[in-house]
Protein chains: 4
Amino acid sequence: MFFASDNSSGVPVEIMAALSRANEGYARSYGTDDIMARVTARIRAIFEAPEAAIHLTATGTAANALALATLTPPWGAIFCHRHAHIAEDECGAPEFFTHGAKLALIDGPHGKITPAALTEALATTGASGVHGVQRGALSLTNVTEAGTIYTPAEIATLTAIAKQHNLPCHLDGARFANALVATGATPAEMTWKAGIDALSFGGTKNGLLGVEAVILFDPAKSWELELRRKRGGHLFSKHRFLSAQMEAYLQDDLWLRLAARANAMGQRLSQGIANLNGAALTHPGEANMVFANWEEGGHARLQAAGAIYYDLRPTKEGRETARMVASWNTTEDHVDRFLAALAT
Amino acid sequence: MFFASDNSSGVPVEIMAALSRANEGYARSYGTDDIMARVTARIRAIFEAPEAAIHLTATGTAANALALATLTPPWGAIFCHRHAHIAEDECGAPEFFTHGAKLALIDGPHGKITPAALTEALATTGASGVHGVQRGALSLTNVTEAGTIYTPAEIATLTAIAKQHNLPCHLDGARFANALVATGATPAEMTWKAGIDALSFGGTKNGLLGVEAVILFDPAKSWELELRRKRGGHLFSKHRFLSAQMEAYLQDDLWLRLAARANAMGQRLSQGIANLNGAALTHPGEANMVFANWEEGGHARLQAAGAIYYDLRPTKEGRETARMVASWNTTEDHVDRFLAALAT
Amino acid sequence: MFFASDNSSGVPVEIMAALSRANEGYARSYGTDDIMARVTARIRAIFEAPEAAIHLTATGTAANALALATLTPPWGAIFCHRHAHIAEDECGAPEFFTHGAKLALIDGPHGKITPAALTEALATTGASGVHGVQRGALSLTNVTEAGTIYTPAEIATLTAIAKQHNLPCHLDGARFANALVATGATPAEMTWKAGIDALSFGGTKNGLLGVEAVILFDPAKSWELELRRKRGGHLFSKHRFLSAQMEAYLQDDLWLRLAARANAMGQRLSQGIANLNGAALTHPGEANMVFANWEEGGHARLQAAGAIYYDLRPTKEGRETARMVASWNTTEDHVDRFLAALAT
Amino acid sequence: MFFASDNSSGVPVEIMAALSRANEGYARSYGTDDIMARVTARIRAIFEAPEAAIHLTATGTAANALALATLTPPWGAIFCHRHAHIAEDECGAPEFFTHGAKLALIDGPHGKITPAALTEALATTGASGVHGVQRGALSLTNVTEAGTIYTPAEIATLTAIAKQHNLPCHLDGARFANALVATGATPAEMTWKAGIDALSFGGTKNGLLGVEAVILFDPAKSWELELRRKRGGHLFSKHRFLSAQMEAYLQDDLWLRLAARANAMGQRLSQGIANLNGAALTHPGEANMVFANWEEGGHARLQAAGAIYYDLRPTKEGRETARMVASWNTTEDHVDRFLAALAT
């Protein structure tokens with residue numbers, strides 16, 4: 001019953017097999033390997049973006065920080081949700097890579113920014129000339145940190161507001177596959193067709209050892225990103241081992257099948273909790289993450305049964321609160337045992 | 001005939017096997033995995049340093065930059081050889097991670113800093129009070145970028161000079177195993193017993209997919225390094241896959257056996273070149289790297305034979321110059337065919 | 001009727017005379033001038049802080065940013081009011097000088113942080129281990145950006161909460177003299193006796209051409225601040241001209257007399273507005289700044305009469321809103337004409 | 001006998017008078033004062049550069065660092081002389097403001113870069129693709145740190161080499177007026193007509209309390225520089241006091257008259273030393289700085305006579321070495337007494 005995070009899971013056999021294949025022989029280093037050439041072509045095809053620049057990193061924090069640094073000057077404000085991963089979970093990596101840009105935090109229910117809140121934030125930040133920081137970029141997350149989903153239309157609405165101020169738009173897609181599966185959108189619809197300029201395309205949480213891709217739909221800053229990646233210590237000498245993971249991930253829709261599995265298990269858990277007496281969903285469970293709260297005692301029963309998940313700060317009313325994440329290898333048995341333990 | 005770099009090679013079967021084993025089941029993320037606990041104990045034992053702090057990274061640039069940032073304030077000067085990897089091959093990563101420290105470049109034959117040159121550099125940099133940068137740290141590389149070796153006694157002489165100014169001392173050990181094998185020194189003799197405070201302990205060039213360890217012999221700044229690693233995007237969620245590589249690397253002296261093989265092939269190549277008419281070693285070939293020059297025409301013959309290596313700027317006299325690196329899986333056949341092609 | 005800012009005023013004759021005296025003959029440069037030695041002694045005496053380190057800068061932004069960079073590592077969070085000058089009016093200077101620290105913004109009525117809000121902010125920021133930024137420092141402003149005042153007891157309450165987390169505490173005293181005059185507190189009571197570790201001691205807004213002092217009550221980081229100041233381009237070669245301004249400012253309580261005058265004019269304006277039909281104070285006017293709102297039409301009448309001040313965003317109800325600042329040379333006539341124009 | 005530095009002198013009466021005039025009445029702050037508008041127009045006229053962007057700072061270090069940060073990305077190399085002020089005397093300010101750019105130091109006799117040395121430096125730095133830093137900018141100093149002069153033709157030769165790599169070119173003109181007077185060149189000939197893109201136009205060493213101008217001959221990055229200036233704490237609220245100094249400096253050629261006086265005294269000192277037995281000029285004394293060496297005993301005699309200057313590291317042969325700087329208010333009597341004391 002491991003629901004702590006999708007990064008507690010290992011990787012499917014297809015990925016290990018790809019690593020073994022990539023290990024044969026010599027290969028050019030630092031991203032000039034043959035596999036990477038195929039990966040670039042494949043991602044461009046999947047995203048219907050024949051000019052896009054693709055750069056691999058090994059962590060999501062690196063992908064986000066490099067993308068944002070490329071989009072925003074040091075005196076820029078990055079508009080994002082108060083609970084965005086870039087704001088809460090990266091120990092200031094965006095500030096480090098951007099050389100001191102400011103995150104302008106926007107409140108919003110269920111991890112989502114509303115058009116009204118974005119409009120208000122843009123009206124108050126970057127409006128004081130040289131005295132304050134300038135408007136820099138918009139950064140959204142999909143699947144959000146609250147486990148909810150932006151539809152392509154919602155993303156397009158927000159990016160359109162940002163682009164009234166000429167802001168570039170970034171999407172943290174650590175769980176991008178899960179968002180696609182949940183909405184049925186195509187990769188292009190969820191990104192550049194909806195106004196996204198740079199995507200952190202996640203793989204690690206969805207079955208890789210550690211690979212993400214930064215996708216710049218406008219390749220003009222590709223060389224800058226390349227230099228920032230090297231300077232950040234994120235250019236791998238034996239890069240083929242990153243390329244190989246990503247290639248296998250995209251082969252035969254593996255990435256979508258893994259996400260579909262995780263989402264299905266997340267839904268099963270969400271619905272199960274919603275049906276329990278005394279338990280409730282904190283946020284709508286739209287993908288593979290489930291936020292819930294319940295009456296006192298649930299934690300004790302679950303821990304006694306061996307369930308692993310995050311217990312969060314209780315509500316003001318004293319209800320226990322938790323986050324559970326289903327993974328590509330979560331089983332129905334795990335979900336059902338979790339629900340059983342919580343139920344009584 | 002691949003001699004371009006030791007990072008063109010893949011990894012030995014022991015490493016792939018360790019990855020597969022590590023892939024089983026769930027594991028705690030972000031460096032709290034059980035394997036890492038064993039790695040820490042093992043490295044401490046190998047280095048006879050029971051208090052040392054160990055942090056893994058996936059690239060050598062990250063290891064160096066994080067170590068240096070922890071040792072040096074932004075207004076410090078890092079004394080290093082003019083051709084140090086940190087000076088020439090990291091696109092300014094030390095400057096990025098230290099927030100603008102300056103590299104004070106020291107000339108010296110065959111990639112090595114002499115005591116006299118270090119003394120002179122320390123006398124002229126950091127001697128002008130608030131107007132100039134302050135003396136920050138000493139950084140040595142072993143095996144050096146010229147393929148030569150510092151003995152522990154040579155390192156101790158240099159660190160003693162640095163410590164007259166209370167400078168912390170860093171060792172870039174991207175090829176640390178090769179240096180040990182070449183000298184017969186123990187890990188402790190080559191590091192803390194010789195005045196080294198922080199070591200970039202390389203694995204990637206010697207047979208890993210991508211793992212290095214930063215070893216702080218004084219653990220006082222371990223937490224600071226941990227935060228810098230996270231902030232730099234270098235803390236892996238599925239950290240077990242780094243730990244597993246390092247564990248297998250250290251198992252049954254695999255790391256030393258791999259380096260011994262690479263060094264033996266480097267020696268074979270060095271001696272072969274030294275015996276050729278019209279060819280000469282540019283630097284003494286003391287480990288697995290060989291720098292040589294030869295009369296015009298050598299490049300053409302080697303390339304025709306399919307040899308892969310770096311051709312460098314020719315000498316003023318017009319002699320062709322090259323760098324060849326032997327790897328853990330270089331074969332005697334490769335070496336001999338290289339020599340044959342060059343000889344004709 | 002100049003109420004735009006206290007920095008629209010020039011300087012009193014005593015200051016110009018001091019500059020002329022300082023101009024005679026040769027002087028040692030870069031802060032080693034004789035006048036600075038006297039300034040240091042004088043500030044230490046005024047603050048009853050015989051060990052304090054004193055460094056002059058020419059702008060308040062420099063003073064704040066240098067102080068904060070000395071107190072906070074790059075991965076620290078600086079807790080401050082949402083409308084703090086360091087958050088809204090310095091174009092990210094704190095982020096620049098700290099190399100990317102984050103400002104944790106705290107809401108609170110009338111520009112002041114409440115103990116409950118600070119406690120909550122400290123509970124949620126810096127509580128997620130390596131994943132989030134760490135708690136770095138507390139920064140208060142007195143007089144606040146809303147023209148209100150913290151009493152020494154209020155400051156002591158807030159710093160005591162911060163010090164439960166071992167946080168150093170900074171006070172932005174751009175209008176420090178005005179705060180002292182308004183409360184009757186001594187400099188020591190308002191600062192180190194109330195838990196303040198570093199003070200930006202303002203002079204520019206209160207009658208100098210451009211001089212502030214950073215006062216570190218614990219001098220341990222004085223040399224670090226000295227290096228940061230130089231590195232930031234804020235160490236003046238002809239430093240005597242800064243020293244001379246500060247010396248004259250402190251002579252015969254000039255600084256307190258100037259602030260008393262400004263506060264008196266601020267009070268006169270506050271009370272006048274409070275007595276007007278249709279006008280109201282937005283914040284209590286406790287020193288020399290006045291925030292007010294009034295029915296539509298006030299702006300037009302004031303501007304027709306030649307009044308200079310800041311018009312702010314109107315309230316949701318459509319009331320016009322404004323900020324007026326009285327200066328050391330504001331006259332009763334100016335205040336009364338302003339009130340007359342608004343009243344009609 | 002003050003020859004320590006031109007920043008040990010005060011300012012001429014014209015400057016103090018201008019400050020007094022500027023002190024009258026209210027003025028808009030933060031660089032929007034009326035005087036600044038006139039200064040901008042005047043500098044554009046003097047430099048025959050009607051589009052140039054002009055920004056004032058209070059220190060030369062700020063001017064240099066802001067200019068360089070605007071010209072160079074963090075991963076750029078700034079090519080400069082080994083003994084450039086930006087390399088030796090600013091405590092790393094260029095690295096701080098550029099966020100970690102690297103200074104590529106070039107040796108050359110008498111403080112000057114030769115075309116051959118620049119060509120060689122450009123061939124070896126920035127030539128390794130993503131692995132090394134990129135070529136960023138060229139920075140020259142005139143008058144050089146060795147007291148020598150680049151003619152406009154020499155500058156044009158160097159900038160032409162740099163522009164083969166599309167590098168922007170910066171001139172540190174802390175003693176720009178002295179260089180003009182020494183060569184008879186016009187401001188335009190010495191700068192944009194010779195390929196200079198950004199000038200640090202010094203005032204402080206030549207008679208101001210503390211004002212320099214950054215001049216961008218291409219104004220495209222003016223707003224970026226404005227933001228960097230604010231963010232660096234270098235935008236003055238009571239900016240009129242900077243503007244007023246600069247206006248008076250340029251009035252009736254005061255700046256050139258002051259420099260002519262300093263140069264004349266420097267020449268008198270140079271020629272006097274050259275004529276003394278046992279003394280010699282270390283560098284040609286072409287403006288107001290004099291570098292000389294003499295037999296042991298000179299320091300003792302000069303100090304006994306009360307002379308103030310910098311004693312530098314003695315030569316290997318044991319000759320005493322010194323730097324003397326004449327200022328706008330150095331008198332013939334001072335020079336002659338210095339020579340008499342040294343002569344005995």
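This report looks at how chains C and D meet, then at a small sheet in chain C. Keep in mind that the model is predicted.

**How the two chains relate**

Chain D lands on chain C after a rotation of 180° with 0.0 Å of shift along the axis, and the RMSD is 0.0 Å. That is the relation of a two-fold axis. Both copies use the same surface, as 100% of the contact residues of chain D recur in chain C. If you want to find the axis from chain D, look for D:Gly232, whose C-alpha comes closest to it of the residues in that chain, at 3.5 Å.

**What the interface is made of**

Here are the basic numbers for the pair.

| Item | Value |
|---|---|
| Contact residues, chain D | 49 residues |
| Contact residues, chain C | 49 residues |
| Buried between chain D and chain C | about 4,100 Å² |
| Share on carbon and sulfur atoms | 58% |

D:Tyr26, D:Phe96 and D:Lys238 supply 21% of the area that chain D buries against chain C, more than any other three residues. What about polar links? The rule finds 33 residue pairs in polar contact across this interface, but zero salt bridges. Helices of chain D that each supply at least two residues to the side touching chain C include α1 (13–22), α3 (60–71) and α10 (222–231). The biggest giver is α5(D), with four residues.

**A sheet in chain C**

Chain C has an open sheet of four strands, ordered β8-β9-β11-β10 with antiparallel pairing. Its edges are β8 (279–281) and β10 (310–312), each pairing on one side only. Neighbouring strands are turned by 30° against each other on average, direction ignored. Three bridges join β10(C) to the antiparallel β11 (residues 320–325) of chain C, and C:Tyr310 stands opposite C:Arg323 in β11(C).

Definitions and conventions. Residues numbered from 1 in each chain as written. Chains lettered and ligands numbered in written order. Predicted model: local features only at pLDDT ≥ 70, side-chain atom pairs only at ≥ 80, totals over all residues. Heavy atoms only, no water. Pairing = 2+ DSSP bridges. Axes fitted to C-alpha atoms, helices over the stretch in contact; angles between N-to-C directions. Least-squares fit on C-alpha atoms with pLDDT ≥ 70 in both. Contact = heavy atoms within 4.5 Å. Buried area = accessible area lost by both parts, 1.4 Å probe. Salt bridge = Lys/Arg side-chain N within 4 Å of Asp/Glu carboxyl O. Polar contact = N/O pair within 3.5 Å; in protein donor to acceptor, adjacent residues only side chain to side chain.
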